[in-house]
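Got the viewer open? Keep the selection box handy, and we'll go from stop to stop.

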Amino acid sequence: MKAQTALGAAAVLLLATAVYTSLLASPPDAFQGEYVRIMYAHVPNAGVAYLAFAITFVTSVLYVWKRRPDYDYIALSATELGVLFTGLALVTGSIWGRPVWGTWWTWDARLVTTAVLFLIYSGALLVRGLSDDPQRGARLAAVIAIIGFLDVPVIHYSVVWFRTLHQPASIAPGSLKIAPPMLVALMLSLLAFTVLFAYLLRLRTRLARLEAGVEL
Amino acid sequence: MNGVLRAAAVARKDLLMEWRGRQTITATGMVALLMILLLGFVLGSEPGRAAAVLWVALGFAAVVGIPRITQSEVEQQALEALLLYPGSREHLYWGKGAALFIMLSALLVALLLLLGVLFSVDVWTHVGALLGVGMLGIVGLSAIGTLLAALVLHVRGRELLMPLLLLPLALPVVLGGVRLTETILAGTTSALWILVLVAFDLVYLLVCPILFEVVMDEA
């Protein structure tokens, strides 16, 4: 409980610092002007969403293999948070795309892949909710999470090759295409969102465990 | 009795039941026909649109047809009997998957004929390549579809869930099928897309039988 509160406090502090650095301390972009500040919310949302789905994949494999309910509580929590952050990434990306690209939506690879992921994991949540028995629901959701995650690279590349405006990733190994103060702001936002995610994941996992205890 | 025979027996049973009723193939065929007519009418039936229309129609037909392959087990309470058969449940997967593959392939042949007539594309000169690519896609659809059909068995509203699960997961099959069919109709081919489809098929043929046993586990 104490660790939980400390994690929550750390998340609030980091988020406050990230808001300051990204909205006030970092400079406007040479091309995008002030719009670039949307990046500090968009990129961490997307990053945390992928992290959540990676956690879902690992815990789903572990659950199918070992059948310990604890893995399922984490998988359920990570799936819900992943769907939430994917939704936020799509919305913030859309808001960013409107002034910068001149369109709310484009059929770019990363956008389509993210939207498809949103659908697959919403499907996993739906299957769990509509299943006639919680244990079976957990197993079925784990199966969808596994095949969904394995599908990510195939979906991504097939969408890239099918039709390819997304700017290339700004932080690639070996080359840095971002000014240092902006990088600091971005890294700080990423860290803040990751800690927030860790806090929410712990909280939701605890809730899932308590819910299961009540049902038994 | 070894695994191949056991899988063949399941496939034979499914196909025999389908042959006697012909409900699934009729329903999926009607959906595919409707999609082709509707898309051809609203988009215009230029030959360049044929590939996209074919794969969208096939995708939706699969959505309608796939839940049916486990439907009879539910309706006649035969699922437990099927699960009681000796041997691995993986053989059930292969049997059901093979039956689904054969049904969707029969549908593909009918759709290609229809496309040749309605979209005035030259199906005959490329019939081998078109069937080959189509079946490559259908292997992927069947591999993932068989697992999903078993998965939605114990879920309320399975007909509603199937499109939400199958279409996003099978997106690479539809995209690859469209691009490959386009290149074939243009007289060339694309090694890249064949690779995508082969990779998709291999991944799911390896993983889905294992997960099928997890899904079928009566805990």
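## First stop: a buried leucine

Select B:Leu148 and show what surrounds its side chain: it has 29 C-beta neighbours inside 10 Å, so it counts as buried. You'll find B:Leu148 in helix α7 of chain B. Leaving out residues up to four places away in sequence, B:Leu148 touches B:Ile66, B:Met162, B:Leu165 and B:Leu166. For a contrast, add B:Leu107, which is 41 residues from B:Leu148 along the chain, with 20 Å between the two C-alpha atoms.

Before going on, a word of caution: what you're looking at is a predicted model. The predictor gives the complex an ipTM of 0.87 and a pTM of 0.88. Chain B has a mean pLDDT of 89, with 99% of its residues at 70 or more. For chain A the mean pLDDT is 87, and 92% of its residues reach 70 or more. Colour chain A by pLDDT and look for two elements: strand β1 (residues 171-172) has the lowest mean, 52, and α2(A) the highest, 93.

## Out into the core

Now hop from B:Leu148 to B:Leu166. With residues up to four places away in sequence left out, B:Leu166 touches B:Ala62, B:Val63, B:Ile66, B:Gly145 and B:Leu148. Which residues touch the most other members of the largest nonpolar core? Select A:Ala52, A:Val143, A:Ile144, B:Leu111, B:Ile144, B:Leu148 and B:Leu166; these are the ones, out of 131 residues in that core. Then highlight helix α2 (residues 39-66) of chain A, which gives the most to this core, with 14 residues.

## Two helices that cross

Next, show only residues 23-43 and 50-65 of chain B, which are helices α2 and α3 of that chain. Their axes come within 8 Å and cross at roughly 150 degrees. The crossing of α2(B) past α3(B) is right-handed.

To see who meets whom, put side chains on both. On α2(B), the contact includes B:Thr24, B:Ala27, B:Val31, B:Met35 and B:Leu39. Across from them on α3(B), look for residues including B:Val53, B:Val56, B:Phe60, B:Ala61 and B:Val64. What mix of residue types makes up the contact of α2(B) with α3(B)? Colour by type: 13 are nonpolar, four are polar and none is charged.

## Where the chains meet

Bring both chains back. How many residues of chain B are in contact with chain A? There are 27, and they meet 28 residues of chain A. On the chain B side, select α7 (127-151), α8 (158-169), α9 (171-185) and α10 (191-216), the elements that give two or more residues to it. Of these, α10(B) gives the most, with nine residues. By type, the side of chain B that touches chain A has 21 nonpolar, three polar and three charged residues.

## Two more buried side chains

Go to B:Trp94, in helix α6 (residues 90-118) of chain B. Is B:Trp94 buried or exposed? It's buried, because 21 other C-beta atoms lie within 10 Å and the cut-off is 20 or more. B:Trp94 touches B:Ala7 and B:Pro209, not counting residues up to four places away in sequence. Draw a C-alpha to C-alpha distance to B:Thr146 as well: B:Trp94 and B:Thr146 are 52 residues apart in sequence and 8.7 Å apart in space.

Then select B:Ile184, in helix α9 of chain B. With 22 other C-beta atoms within 10 Å, B:Ile184 is buried too. Beyond residues up to four places away in sequence, its contacts are B:His126, B:Ala129, B:Leu130, B:Val133 and B:Thr189. B:Phe212 is 28 residues from B:Ile184 in sequence, and the two are 35 Å apart, C-alpha to C-alpha.

## Last stop: two odd backbones

Most residues other than glycine have a negative phi. Here are two that go the other way.

Select A:Arg67, whose phi is positive at about 60 degrees although it is not a glycine. A:Arg67 lies in the loop between α2 and α3 (69-101) of chain A, and with 16 C-beta neighbours inside 10 Å it counts as partly exposed.

Finish at B:Ser120, in the loop between α6 and α7 of chain B. B:Ser120 isn't a glycine either, yet its phi is positive, about 40 degrees. Is B:Ser120 buried or exposed? It counts as exposed, because it has 12 C-beta neighbours inside 10 Å.

Terms used: Residues are numbered from 1 along each chain as its sequence is written. Chains are lettered from A and ligands numbered from 1 in the order in which they are written. This is a predicted model: local features need pLDDT of at least 70, side-chain atom pairs count only at pLDDT 80 or more; totals for chains, interfaces and linings use all residues. A nonpolar core is a set of buried Ala, Val, Leu, Ile, Met, Phe, Trp, Tyr and Cys residues joined through C-beta atoms within 7 Å. Helices (H or I, at least four residues) and strands (E, at least two) are DSSP runs, numbered from the N terminus. Two residues are in contact if their C-beta atoms, placed from the backbone, lie within 7 Å. Axes are lines fitted to C-alpha atoms, for helices over the stretch in contact, and angles run from 0 to 180 degrees between N-to-C directions. A crossing is left-handed if the near helix is turned anticlockwise from the far one by less than a right angle, and right-handed if clockwise. Ala, Val, Leu, Ile, Met, Phe, Trp, Tyr, Cys and Pro count as nonpolar, Asp, Glu, Lys and Arg as charged, and the others, Gly among them, as polar. pLDDT is the predictor's confidence in each residue, from 0 to 100.
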